[in-house]
Structures are given as structure tokens and as C-alpha cells.
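Visitor: Got a minute to walk me through this one? I'd like to go through it contact by contact.

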Amino acid sequence: MTPPPRPHPAPRDPRPRRGGRPTLEQAARLDGDIREAALRLFLEQGYESTSMDAIAVAAGTTKASLYARFRGKEAVFSSVLEWAVQRPDWPVPEPPAPDLDDLEGALTAIATTAVRRALHPSMVQLGRIAIAHASRFPEIARGTYGAGFWPRRQLLVDLLNRHAATGAIVADDPEMLAEHFLGMVSGAPARLASYGIVRDAADQERHTRTAVRLFLRSLRPD
């Protein structure tokens with residue numbers, strides 16, 4: 001007689017056992033849940049209206065576990081917003097790098113990506129929060145200011161060095177030129193957006209094209 005098949009084991013509960021220490025995987029998952037929950041609440045409600053209790057509930061954890069990771073709300077705020085602006089997938093994923101052999105095409109692609117990131121509603125709201133609390137959290141204000149530039153700044157520096165090496169352009173200080181370019185194409189639109197002023201897509205595209213052409217003209221050898 002054939003023995004009956006053995007039942008499959010029940011799936012393991014990913015949560016730590018009551019009173020036990022979480023695994024590294026569980027701890028990392030909880031860290032991510034806390035960051036995501038805190039970021040969402042800060043953007044939706046602002047700093048003052050977001051409580052540690054609300055963050056713990058939204059993250060599916062306890063306030064004691066939250067305080068084990070952060071001294072208080074200021075620490076959560078500083079850590080989470082710095083984490084957000086350094087993410088290449090937030091608020092939208094970064095596209096693949098453009099063809100660096102095509103100078104104008106690459107500049108246009110970099111500018112378009114920078115504008116899309118700077119004008120995303122989450123980034124605009126983050127900028128407003130950073131401005132409102134700049135004196136209290138200056139490092140966040142600086143990081144948010146640079147968020148429209150990062151992570152395309154180094155790509156732009158590489159692009160300028162690549163074409164300067166062939167003699168096609170003059171770029172004696174590529175780092176400074178990269179900052180000026182990104183400030184021109186995305187800094188101004190981001191500033192307007194913080195006041196609720198956003199150009200329509202066709203008008204913004206025209207401004208981007210004009211900025212790219214002006215920048216290219218400034219790089220021409222004498």
C-alpha cells in the first residue's frame with residue numbers, strides 16, 4: 001500500500017517570534033518599511049503634524065522598536081529625507097544613460113531627466129518642507145537643493161570631459177559648468193513649482209531646448 005503523501009510544511013511567518021530577536025532580513029525589511037512610511041507621512045502631513053506614533057502604526061511596528069532605531073522625530077526626519085534624495089529610484093527611476101557620443105542629444109536627455117525629477121509632486125513637496133525647516137535642518141535643505149542635480153551631475157561632467165578631449169568644446173571647469181547647466185534647466189522650473197507655477201509640457205520642452213542650445217553655444221571654441 002502506497003503511503004499517503006506528506007503534507008507540505010506551513011509557510012514560515014516572516015515576523016520575529018514574540019520575545020525573540022529578528023533576523024537580519026527582518027530587521028532590514030522593517031527599516032525599509034519605517035523609511036517608506038515616514039517619508040509618505042512627512043510629505044502628506046508635514047513635519048509638525050507627523051508623530052512617532054503615526055510612523056510606527058504606518059510602518060506596522062511599535063513605538064519602542066522605532067525609538068530603538070531613532071532618538072526621536074528629528075532623527076527620523078533627517079535620516080529619511082536624506083535617504084530619499086539619494087535614491088536613484090525616487091521619486092521616479094533614473095533612465096539609462098544616454099549616448100555620450102551625441103553631445104546635444106545627451107545634454108537634452110540629461111536636462112529632461114533633471115526637469116522630470118525636479119517637477120515631480122513628491123520632490124516639489126519635499127523642497128517646500130526643506131525650505132520651511134531650513135534653519136532647523138540645514139543639511140536637509142542643502143541635500144534637497146542638490147537633489148535636482150544628483151545623480152546626473154557626474155554623468156554631465158563625464159560628457160563634457162569626453163568632448164573637450166576631442167577639441168569639440170572648451171570645458172576648463174566641467175564641475176562648475178555642470179552645476180550651471182543643471183541649475184539653468186531644472187533649478188528655475190523647480191523654484192517656480194514651489195510656488196505652484198508649472199509650465200505645460202510643450203512650453204517646458206521649449207525652455208529645455210533653448211537652455212541646451214545656449215549652453216552649447218557657450219562651449220564653442222574661440
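Visitor: Is Glu36 buried, partly exposed or exposed?
Guide: Glu36 counts as partly exposed, because its relative accessibility is 37%. Buried means under 20% relative accessible area, exposed means over 50%, and partly exposed is in between (1.4 Å probe, protein chains only). Keep in mind that this is a predicted model: local features need pLDDT of at least 70 and side-chain atom pairs count only at pLDDT 80 or more, while totals for chains, interfaces and linings use all residues. Residues are numbered from 1 along each chain as its sequence is written, and side-chain values use heavy atoms, with hydrogens and water left out.

Visitor: OK, which side chain meets Glu36 in a salt bridge?
Guide: Arg87 does, at 3.2 Å, N to O. A salt bridge here is a side-chain nitrogen of Lys or Arg within 4 Å of a carboxyl oxygen of Asp or Glu. Glu36 lies in helix α1 and Arg87 in the loop between α4 and α5, so the pair ties together parts that are 51 residues apart in sequence. Helices are DSSP runs (H or I, at least four residues), and strands are too (E, at least two), numbered from the N terminus.

Visitor: And Arg87, buried or exposed?
Guide: Arg87 is buried, with a relative accessible area of 13%. Arg87 also belongs to a salt-bridge network with Glu36 and Asp89.

Visitor: How many salt bridges does the structure hold?
Guide: There are 10. One of them joins Arg69 and Asp31, 2.5 Å from N to O. That pair links distant parts of the chain, with Arg69 in helix α3 (residues 63-69) and Asp31 in helix α1, 38 residues apart. Arg69 counts as partly exposed at 31% relative accessibility, and Asp31 is partly exposed too, at 27%.

Visitor: What about Asp203, what does that one form a salt bridge with?
Guide: With Arg206, where the closest N and O atoms are 2.7 Å apart. Both residues lie in helix α10 (residues 201-218), 3 residues apart, about one turn of the helix. An α-helix has 3.6 residues a turn, so residues three or four places apart point the same way. Asp203 counts as partly exposed at 22%, and Arg206 is partly exposed at 45%.

Visitor: Back to α1. At what angle do α1 and α4 cross?
Guide: Roughly 95°, with the axes of α1 (residues 24-45) and α4 (residues 73-85) coming within 10 Å. That makes α1 roughly perpendicular to α4. Axes are lines fitted to C-alpha atoms, for helices over the stretch in contact, and angles run from 0 to 180 degrees between N-to-C directions. Under 35 degrees counts as roughly parallel, over 145 as roughly antiparallel, 65 to 115 as roughly perpendicular and the rest as oblique.

Visitor: Which residues make that contact?
Guide: On α1, Arg35, Glu36, Ala38, Leu39 and Phe42; on α4, the list includes Val76, Phe77, Val80 and Trp83. Contact means heavy atoms within 4.5 Å.

Visitor: New topic: which peptide bond is cis?
Guide: The one from Trp90 to Pro91, with omega near 0°. Pro91 is found in the loop between α4 and α5 (103-119). Most peptide bonds are trans.

Visitor: Last one. Where does Ser194 lie, and what is Ser194 in contact with?
Guide: Ser194 lies in helix α9 (residues 174-194) and is buried, at 19%. Leaving aside neighbours within four places in sequence, Ser194 is in contact with Val124 and Arg128. Val124 is among the buried residues of α6.
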